[in-house]
Amino acid sequence: MMQLTVIPGDGIGQEIMTQVLRVLKHVNAPFEYEEHAAGESALITHQSLLPQTTVDSINKTKLAIKGPTTTPVGGGHKSINVTMRQKFDLYANVRPVRSLPGVQCVCSDVNLTIVRENTEDLYAGIERMVDDDTAESIKRITRKGSERIARYAYELAQKTGRSQVAIVHKANIMKMSDGLFLKVAQEVGAKYPNIATRDVIVDNACMQLVTRPQQFDVIVTENLYGDILSDLCAGLVGGLGVVPGANIGEKAAIFEAVHGSAPDIAGQNKANPTALLQSAVMMLQHVNEQTKADAIMKALIAALSDVNARTGDLGGKGTTVSFTDAIIQKLG
Ligand code: NAI
Ligand code: MG
């Protein structure tokens, strides 16, 4: 059994987490659950958005599933996700993007995963005012940072049975920084002879993703390009409400939905657990429980295909609980 830190979060967090845990228990996922607080609710109970007890738990289990958390407006609170990324050196931001039945979207048959480097690039915060009228931001790319994200992408491709990794860059212009990223990623790719490598310049990647996204399998890219491409791809398959995400490092891996805490529908049994359930699927893949991951994904797709089962946000007649009942029924 593996220990798992469960962070229900705020708003609809508790409702969807309860249902996701029901599904995990139904497939006998090998977890011992340890529930901890984060977000606005934790601010009330623990006087902190991210209590030390929660951090200690993740340090111990190295594995967490997190519901959405409300970041209070004002008071200068630092985002929980930024804090966790720094505390646990979560260098890989992973977002699977796939077309789902019953979800309105601009194209079908998309099934790709974006692996975004999460610690370097223009996000390193190395900025200065040269004088009153000139500002500079430094784009920092290292061999170490590029190597570990590329390795993560190829390992993920191998583990999940994918056949191609696309390295997205702008090395034709930023010959040194993006050049280093591309070169290192290609060196890593050479160690995976069963996986095809291609490289795509980021602006062309945007055009290709909109016109023919089906050609992509795994995409590995730098922080800024990854930020933009992740949301572009979420848009392709129906928006941020249905896509899962994970932040992964050597010290911990944290899986979550990308959507927020939806205070407008909290406590009404209306929330769609699809995104968080897909995060649980990613988590099962992460711990090498591919069979259980595939079974849940198949049941989820079957339930989504049924208008009587799926939730109201997707035009269905189901509730949070009844939709989960349908998934569990499909699992047998
Ligand atoms: P939101 O994603 O919570 O809501 C936007 C709209 O989508 C709302 O109409 C909501 O009802 C709907 N929605 C979201 N998730 C849904 C689900 N699972 N099922 C059905 N409908 C769903 O975004 P909003 O309103 O901008 O933010 C609300 C709060 O969430 C804020 O406090 C924000 O800070 C927080 N937030 C947290 C995130 C996280 O923890 N990862 C990410 C984004 C926002
Ligand atoms: Mg973003």
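# Asking how we know: a two-domain predicted model

User: What makes the radius of gyration of this protein chain agree with a compact globule?

Analyst: With 332 residues, a compact globule would come out near 20 Å, and the protein chain has 20 Å, so the two agree. The radius is taken over C-alpha atoms, and the globule rule is 2.2 Å times the number of residues to the power 0.38. Keep in mind that this is a predicted model, where local features need pLDDT of at least 70, side-chain atom pairs count only at pLDDT 80 or more, and totals for chains, interfaces and linings use all residues. Residues are numbered from 1 along each chain as its sequence is written, while chains are lettered from A and ligands numbered from 1 in the order in which they are written.

User: Which domains is the chain divided into?

Analyst: Domain 1 covers 1-101 + 240-332, and domain 2 covers 106-236; the bounds come from an automatic or database domain assignment. Their centres, taken over C-alpha atoms, are 25 Å apart.

User: How many residues of domain 1 are in contact with domain 2?

Analyst: 17 residues of domain 1 are in contact with 24 residues of domain 2, a contact being two C-beta atoms, placed from the backbone, within 7 Å. On the domain 1 side, β4 (92-98) and β11 (244-248) each supply at least two residues, and β4 gives the most, with seven. Strands here are DSSP runs (E, at least two residues), helices are H or I runs of at least four, and both are numbered from the N terminus.

User: Why are the buried residues of α4 said to line one face?

Analyst: Those buried residues are I80, M84 and F88, in a helix that spans residues 80-88. Seen down the axis of α4, they fall within an arc of 40°, so they line one face of the helix. The arc is that of the directions from the helix axis to the C-beta atoms. An α-helix has 3.6 residues a turn, so residues three or four places apart point the same way. What covers the buried residues of α4 includes α3 (52-61), β11 and β12 (253-257).

User: Which residues of α4 are exposed on the other side?

Analyst: V82 and Q86 are. A residue counts as exposed if 12 or fewer other C-beta atoms, placed from the backbone, lie within 10 Å of its own, as buried if 20 or more do, and as partly exposed in between. Across the protein chain, buried residues make up 48% of the 332.
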